[in-house]
Amino acid sequence: MKQAKPIFPAPDHDHGRCAEDAFSHAEKVCKGRGQKFTPIRRQVLGALLSSHRPLGAYEVIDELAKTMPRPAPITVYRALDFLMDNGLVHRIESRNAFLACAHNHDETAVVAFLICETCGSVGEIPAAPLAQSFNEAARGTGFAPKLSVVEITGTCAHCQRAA
């Protein structure tokens, strides 16, 4: 995974540009895979891009309801499934929430999420050294690993400086 951006963007970063880059990435991924990036999929991704915090499905619905008729939960869940299947969204298990992703991952990549307990932001880092050990151990049992996720809670550098 290429680290082009800071793990935790500065509180005053150009979030509009950040979201534009993520939409551009999503369009490229969908086009490259022959997938349709439908308006509802775009809107759900946009809701997730509204901050760097993970949102639950009903928070996504609430965010969408600010600018459009309230979508049915099944519609949002289908869009989230599509976005996850295409690597554009991750599910943060410990929060039962979803996070937009603009990184390229292969099927066996291990991703580590750094979850700030103060501001709620989530940073994403590659965890390649863990991946090799985890994947070897899993394959040794006959298991075929896919995308693995590691979640680490703590305090981001921005919140530490503000304290």
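**Exercise 1. The side chain of His-90**

Task: With the side chain of which residue does the side chain of His-90 make a polar contact?

Solution. This is a predicted model, in which local features need pLDDT of at least 70 and side-chain atom pairs count only at pLDDT 80 or more, while totals for chains, interfaces and linings use all residues. Residues are numbered from 1 along each chain as its sequence is written, and side-chain values use heavy atoms, with hydrogens and water left out.

Step 1. Place the residue. His-90 is found in strand β1, residues 89-92. Helices (H or I, at least four residues) and strands (E, at least two) are DSSP runs, numbered from the N terminus.

Step 2. Find the partner. The side chain of His-90 makes a polar contact of 3.4 Å with the side chain of Glu-124. A polar contact is a pair of N or O atoms within 3.5 Å; within protein, one must be able to donate a hydrogen and the other to accept it, and residues adjacent in sequence count only if both atoms are side-chain atoms.

Step 3. Check accessibility. His-90 has a relative accessible area of 4% and is therefore buried. The classes are buried (under 20% relative accessible area), exposed (over 50%) and partly exposed (in between), with a 1.4 Å probe and protein chains only.

**Exercise 2. The surroundings of Glu-124**

Task: Where does Glu-124 lie, and is Glu-124 buried or exposed?

Solution. Step 1. Strand β4, residues 122-126, contains Glu-124.

Step 2. Glu-124 counts as buried because its relative accessible area is 6%.

Step 3. Besides the pairing with His-90 at 3.4 Å, the side chain of Glu-124 makes a polar contact of 3.3 Å with the side chain of His-103.

**Exercise 3. The interface of the two domains**

Task: Describe how domain 1 and domain 2 meet.

Solution. Step 1. Set the bounds. Domain 1 covers 13-102 and domain 2 covers 105-162; such bounds come from an automatic or database domain assignment. The C-alpha centres of domain 1 and domain 2 lie 20 Å apart.

Step 2. Count the contacts. Ten residues of domain 1 touch twelve residues of domain 2, where contact means heavy atoms within 4.5 Å.

Step 3. Take the area. The size of an interface is often given as the accessible area lost when the parts come together. Here domain 1 and domain 2 bury about 890 Å² between them, with 60% of it on carbon and sulfur atoms. Buried area is the accessible area (1.4 Å probe) that two parts lose on being put together, summed over both. On the side of domain 1, His-90, Ile-92 and Arg-95 lose the most area to domain 2, together 44% of what that side buries.

Step 4. List the polar links. The rule finds zero salt bridges across the interface of domain 1 and domain 2. A salt bridge needs a side-chain nitrogen of Lys or Arg within 4 Å of a carboxyl oxygen of Asp or Glu. Four residue pairs are in polar contact across this interface, both residues at pLDDT 80 or more.

Step 5. Sort the residues. The side of domain 1 that touches domain 2 has four nonpolar, three polar and three charged residues. Ala, Val, Leu, Ile, Met, Phe, Trp, Tyr, Cys and Pro count as nonpolar, Asp, Glu, Lys and Arg as charged, and the others, Gly among them, as polar.

**Exercise 4. Salt bridges**

Task: How many salt bridges does the structure hold?

Solution. Step 1. The total is six salt bridges.

Step 2. One of them joins Asp-62 and Arg-70, whose closest N and O atoms are 2.6 Å apart. Asp-62 is partly exposed at 40% relative accessibility, and Arg-70 is exposed at 51%.

Step 3. Glu-63 pairs with Lys-66 in a salt bridge, at 3.2 Å between the closest N and O atoms. Glu-63 counts as partly exposed, at 26% relative accessibility, whereas Lys-66 counts as exposed, at 63%.

Step 4. In the salt bridge of Arg-91 and Glu-93 the closest N and O atoms are 2.4 Å apart. Arg-91 is partly exposed, with a relative accessible area of 28%.

Step 5. A network of salt bridges links Arg-17, Glu-20 and Asp-21.

**Exercise 5. Ala-47 and its contacts**

Task: Which residues does Ala-47 touch, not counting residues up to four places away in sequence?

Solution. Step 1. Ala-47 belongs to helix α2, residues 39-48.

Step 2. With that exclusion, Ala-47 touches Leu-55, Val-60, Glu-63 and Leu-64.

Step 3. Ala-47 is buried, because its relative accessible area is 2%.
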